[in-house]
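Me: Hi! Could you walk me through this model while I have it open? I'll ask as I go.

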Amino acid sequence: MADATFFNEYRPKILIALVLTLASGLVDIVGYSGIFHFFTAHLTGTTVHLGHGIMVRNWMDVLAAGIIVAAFLCGSIFARSLIEFGSRTRIRRIASVTLGIEAILLVAVAYERLNSTATTYSSLALLAGAMGIQTATLTGIGPLTVHTTFVTGMVNKIGQLVSHITFRAYDLLKTKSRSASVERAQREDRQMTLFLLCIWLFYVGGAAAGTWSFAVWGMRALFIAVGLLLISIATDRVWPVSIKEEKEQSER
């Protein structure tokens with residue numbers, strides 16, 4: 001489509017990305033509140049915990065942080081392997097499988113914590129593995145690299161886009177000329193900036209919802225995230241999520 005914009009070209013995938021981001025914000029804070037005060041959806045702070053724990057010889061922190069990093073990596077490798085398999089066997093809705101496995105892991109954590117059958121470390125491993133799976137399932141929307149489980153890169157990209165928009169607007173004002181292609185690029189950059197801002201806001205919203213729901217329901221709050229994953233799976237049945245990821249895998 002010659003006049004297609006970022007929003008109308010990638011709308012289903014944008015909606016799924018926002019739903020997944022809401023889910024990960026909720027999972028992250030519920031895990032933090034209910035299990036050992038470690039975040040499991042992003043690894044920067046956990047890596048800092050790991051280094052700090054080594055230096056102060058807090059081996060419980062070292063073990064917890066190490067388990068989170070290892071489980072997240074294993075979840076990511078597992079999901080990317082499934083996506084590669086989907087590419088080779090032409091399974092176009094492989095995201096339904098990866099997100100379904102993520103949902104099962106979240107249910108397992110909630111069940112184990114509610115029935116006191118889990119250890120702290122097994123719960124951390126399951127949550128981090130689930131987040132690794134989600135991260136690998138959706139990695140790009142059009143020209144954007146997207147992460148639905150951590151937002152540092154998204155905020156950085158917002159800064160880049162705002163810079164592009166500002167300088168392009170200055171160039172247009174200076175030359176006083178109108179170009180359909182340049183104006184289209186401006187429009188798409190503004191839409192991508194708005195989308196990434198929404199990613200950040202949805203992560204905040206997920207954390208806020210998770211804080212409230214954990215105070216009311218405890219670890220049962222994870223079932224809200226499971227419901228959001230089921231919505232994403234249903235959407236994937238109509239608009240496959242991981243087509244770009246499968247194509248990238250097959251080209252390597």
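Me: Let's start with arginine 88. Is that one buried or exposed?

Reply: Arginine 88 counts as exposed, because its relative accessibility is 67%, over the 50% cut-off. One thing to keep in mind from the start: this is a predicted model.

Me: Noted. What does the side chain of arginine 88 meet?

Reply: It meets the side chain of glutamate 84 in a salt bridge, at 2.5 Å from N to O. Both residues lie in helix α4, 4 residues apart, which is about one turn of the helix.

Me: Why does that spacing suit a pair on one helix?

Reply: An α-helix has 3.6 residues a turn, so residues three or four places apart point the same way.

Me: And glutamate 84, buried or exposed?

Reply: Glutamate 84 is buried, because its relative accessible area is 16%, under the 20% limit. In this pair, then, the glutamate is buried and the arginine is exposed.

Me: How many salt bridges does the structure hold?

Reply: There are 3. Another one joins the side chains of arginine 184 and glutamate 188, at 3.1 Å from N to O. Those two sit in helix α8, again 4 residues apart, or about one turn. Arginine 184 is partly exposed at 25% relative accessibility, whereas glutamate 188 is buried at 17%.

Me: Which pair links distant parts of the chain?

Reply: That's arginine 168 with aspartate 189, whose side chains meet in a salt bridge at 2.9 Å, N to O. Arginine 168 is in helix α7 and aspartate 189 is in helix α8, and the two are 21 residues apart. Aspartate 189 counts as buried, at 8% relative accessibility, while arginine 168 is partly exposed at 21%.

Me: Nice. Switching to the core: which residues touch the most other members?

Reply: In the largest nonpolar core, which has 57 residues, they are Leu106, Ile141, Phe195 and Leu222. Helices giving two or more residues to this core are α2 (11–34), α4 (59–89), α5 (94–114), α6 (120–137), α7 (152–175), α8 (180–217) and α9 (222–238). The top contributor is α2, with 11 residues.

Me: What is leucine 222 in contact with?

Reply: If you skip its neighbours within four places in sequence, leucine 222 is in contact with Leu26, Val27, Val30, Leu106, Val109, Ala110 and Leu127. Leu106, another of the residues that touch the most core members, is in that list.

Me: What about greasy stuff on the outside? Which residues form the nonpolar patch on the surface?

Reply: Val155, Leu194, Leu197, Trp200, Leu201, Phe202 and Val204 form it, with about 570 Å² of accessible area together. Helix α8 gives the most to the patch, with 6 residues.

Me: Let me pick leucine 201 from there. Where does it lie, and what is its relative accessible area?

Reply: Leucine 201 lies in helix α8. Its relative accessible area is 43%, so leucine 201 is partly exposed, between the 20% and 50% cut-offs.

Me: Different topic: backbone oddities. Where is phenylalanine 36?

Reply: Phenylalanine 36 is in the loop between α2 and α3. It has a positive phi of about 70° although it is not a glycine.

Me: Why is that worth flagging?

Reply: Most residues other than glycine have a negative phi. As for its surroundings, phenylalanine 36 is partly exposed, with a relative accessible area of 29%.

Me: And what follows α3?

Reply: Arginine 57 does, with a positive phi near 60°. It is found in the loop between α3 and α4 and counts as exposed, at 64% relative accessibility.

Me: What comes after α4?

Reply: Arginine 90, which also has a positive phi near 60°.

Me: How far do those two helices reach?

Reply: Helix α3 (residues 44–56) has 13 residues and reaches 19 Å from its first C-alpha to its last, close to the 18 Å expected. Helix α4 has 31 residues and reaches 44 Å, close to the expected 45 Å.

Me: Last one: how far apart are leucine 173 and serine 81?

Reply: They are 49 Å apart in space, C-alpha to C-alpha, and 92 residues apart in sequence. Leucine 173 is found in helix α7 and is exposed, with a relative accessible area of 65%.

Definitions and conventions:
Residues numbered from 1 in each chain as written. Predicted model: local features only at pLDDT ≥ 70, side-chain atom pairs only at ≥ 80, totals over all residues. Heavy atoms only, no water. Core = buried A, V, L, I, M, F, W, Y, C linked by side-chain atoms within 4.5 Å. Buried < 20%, exposed > 50% of the residue type's maximum accessible area, 1.4 Å probe, protein only. Contact = heavy atoms within 4.5 Å. Patch = residues over 30% accessible without salt bridge, like charges linked within 9 Å, V, L, I, M, F, W, Y side chains within 5 Å. Areas by Shrake-Rupley, 256 points an atom, 1.4 Å probe, with all protein chains shown as cover. Salt bridge = Lys/Arg side-chain N within 4 Å of Asp/Glu carboxyl O. Expected span 1.5 Å × (residues − 1).
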